[in-house]
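Here's a quick briefing to get you started. Have a look at the sequence and the model, then read on.

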Amino acid sequence: MCGIAGFYGAHLPRTATEERLADMLRLIRHRGPNEAGIYLSDRVCMGTMRLSIVGVATGQQPVSDAEERFFLCYNGEVYNYVELRDELKSLGYRFSTESDTEVVLRAWQAWGARCLTRFNGGFAFALYDRREQALYLARDRYGKRPLFYARHGSHVLFSSEMKSFLAVEDFSFELDPRQLASILTLWTPIADQSGFKDVWQVPQGSYVKISDSGPEIHRYHRIDFVAPREVRSEAEALEEVGAALRRAVELRLRSDVEVGMYLSGGLDSSIVASILAERATGRFRTYSVEFEDTEFDETSDQRRMAAHVGSRHRAVRVTDEMIAGSFPAAVFHAEVPVFRTALVPMYLLSQLVRDDGIKVVLTGEGADEAFLGYDLFKETLLRRAWNSLDEAGKLARLRQLYPYLKHYAGRDAAELLGLYQPFSEERYPGLFSHELRIQNGLFSRRLLRARTDALEPVQKLIAEHGSFGGLSDTEKAQWLEYQSLLPGYLLSSQGDRMALAHSVENRCPFLDPDVVELSAAVNLKFDDGTDEKYLLRKAFARALPAENARKRKHPYRAPDSKAFVSSRPEYLELVRSEHELAKNEVLDPAFCKLLVNKVLSTPSEEVSTKENQAFVFLLSIAVQHHQFVRRNISDVAQNPPVDDLMVKRVDHRTRHGLEER
């Protein structure tokens, strides 16, 4: 795993270019503390901070072809690199390393941008073509690895993380109220959103070609739920699901360093642990988050599964004070507003993993999207059938939703029926499944001064789909999850960003393309979505302890506003002080003040879900404004030098028509 950064332009300044690049890399050294390398030319300057996992001894970057036409700075892993290398060898390509980085380069030589459709992995890279004088920025199909770019005068900046742009003295961050309105409403960034004006992320499944004519976005992968195979029976489906997941785990064990895993105690991570136990040659390591607050704690399920597979298990036990204490650092790494604090325990967990000397962990993300694990899917089907059910039928199905939410379980029948009745008909075209989520998000949107069309970005995505209207309600809900919460929060803010904050790479077997495509072929044929992850649960029932196999979805959550109320950290002044609120031009200070006063003066059980969510959004926006717009990062950024790690330097800058090497 790595971090990449650089800048591109027709006439780059000849002074301080290398120094500026080193400063950009320094701010993302946490992503790759093992080695650094840079490429310099008159048109592009780019570099890599490397976390060496595959081809440890020979995988230095940047890499280039023999003719030095292409130069590659690469972040991530392509798990099927062995098979691709064999195919490329058969085409006459020769390799000098064992790293997947060189495979990516040769694949681009052989197939151009079409190679992206052949990669099975999580990656982001910058590739410069000297002949075309064009820079290509590419990102994996599901959005596991981040990559941002920004216009800066006549140049374009790019980096794995936006914080690199803070190294450019005359670059200014400015919060974008239009993007924030969308983020607060949908709970997450979508497509190319970053939350800042004139800063974009490369969309998942896309590459951006940057040349003198400007950036051009090209989509190479779309999720369409068109199954590429026919599965004839449930027995065949169960067999294929088991085989596909075992192949996915085996691919993600390709590493020259030890691989551990995150164990939540739920079905998804328990399945991965059971497969890992089948494949491991010795005792592997598992890691969990435990909570002092029993409402969020799943310790018994975690320890039961760890004992079942015989792993060497460790956990970090998280308190409210720990969440409040590490929130600014976690938000600095997330870089976008967040609606819950659950990223903070993951930040603390990756620190424990790093201290154990582990660089790679397997995780369970992607299972709920692929195999219909969320209550959202059951809720969508219930709302669609609402007007055809009698009161008893409505209540019976409502009682099955969200049993883990105290405030939900406490509602009487009349309140539950009254909550859902207005949402039995579609309000926003194409967004039926997510309208309750949007309703909560609209409350958070009141944090902002400006009132803009928050749904325009997602409706634009729907229009680009082409055949969205032909999908079932469940498939529409799945597609929206793949476009929003999965890449925008679960894989990024809570996933890659928290893991790489401490130089740990996370790998997701459920996001193997074969697994995702298989799920499209079997889900609605043998599982209508009412029986949570029916096929997945049945396929692995015998491999798990009975309690873990039967356990229903218990979403990973952490204490939200309650954590800050009890500890009252100093940075709360960013939202308590009218003077501080007034410095943030996007916020509505009157509404923010009312919300903060309510949360800080009311017993936690009387703070609603939407108020909790809005408070965390507000606090994260205020912290990021402090860090990025006002450039106060000394207490959260560790900026060790990179010069001591610089192992590779390629200089193609010209002086008087002569090239320097």
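A residue counts as buried when its relative accessible area is under 20%, and as exposed when that value is over 50%. C592, at 0% relative accessibility, therefore counts as buried. Keep in mind that this is a predicted model. Below you'll find notes on its cysteines, one helix, the cavities and a few individual residues.

**Cysteines**

- How many disulfides are there? The count comes to zero.
- A disulfide here would need two cysteine sulfur atoms within 2.5 Å of each other. For C73, the closest cysteine sulfur belongs to C2 and sits 9.2 Å away, so that pair is too far apart for a bond.
- C73 also counts as buried, because its relative accessibility is 0%.

**Helix α27**

- Helix α27 covers residues 609-629, which makes 21 residues, and at 1.5 Å a residue the helix should span 30 Å. Its end C-alpha atoms are 29 Å apart, so the expected span and the model agree.
- Is α27 largely enclosed or left open by the rest of the structure? It's largely enclosed, because 17 of its 21 residues are buried.
- Right after α27 comes R631, with a positive phi of about 60°.

**Cavities**

- Rolling a probe the size of a water molecule over the atoms shows where empty space is left.
- Counting cavities of 30 Å³ or more gives nine.
- The largest cavity has a volume of about 150 Å³. It's lined by 16 residues, and the ones closest to its centre are R139, Q201, P487, G488 and S492.
- Two elements give two or more residues to that lining: α18 (485-490) and α19 (492-500). Of the elements, α19 gives the most, with three residues.
- By class, the lining of the largest cavity splits into eight nonpolar, six polar and two charged residues.
- The second largest cavity holds about 100 Å³ of space. Its lining is made up of R141, Q204, R219, H221, R222, I223, L461, H465, W479 and Q483.
- For the second largest cavity, the elements giving two or more residues to the lining are α16 (456-465) and α17 (473-483).
- That second lining has three nonpolar, four polar and three charged residues.

**Positive phi in loops**

- L372 isn't a glycine, yet it has a positive phi of about 60°. You'll find L372 in the loop between α10 (367-370) and α11 (375-385).
- Is L372 buried or exposed? It's buried, since its relative accessible area is 1%.
- K533 is another residue other than glycine with a positive phi, in this case near 50°. K533 belongs to the loop between α20 (513-526) and α21 (534-539).
- With a relative accessible area of 2%, K533 is buried.

**D375**

- Which helix holds D375? That's α11.
- D375 is buried too, as its relative accessible area is 5%.
- How far is D375 from V82 in sequence and in space? The two are 293 residues apart in sequence, and their C-alpha atoms lie 39 Å apart in space.

Technical notes
Residues are numbered from 1 along each chain as its sequence is written. This is a predicted model: local features need pLDDT of at least 70, side-chain atom pairs count only at pLDDT 80 or more; totals for chains, interfaces and linings use all residues. Side-chain values use heavy atoms; hydrogens and water are left out. Helices (H or I, at least four residues) and strands (E, at least two) are DSSP runs, numbered from the N terminus. The expected span of a helix is 1.5 Å times one less than its number of residues. Buried means under 20% relative accessible area, exposed over 50%, partly exposed in between (1.4 Å probe, protein chains only). On a 1 Å grid over the protein atoms alone, a cavity is a set of points where a 1.4 Å probe fits but cannot get out, and a pocket is an open set with protein on both sides within 12 Å along at least five of seven lines; lining residues have an atom within 4 Å of a point. Grid points are joined across faces, edges and corners, and a volume is the space filled by probe spheres set on the points. Ala, Val, Leu, Ile, Met, Phe, Trp, Tyr, Cys and Pro count as nonpolar, Asp, Glu, Lys and Arg as charged, and the others, Gly among them, as polar.
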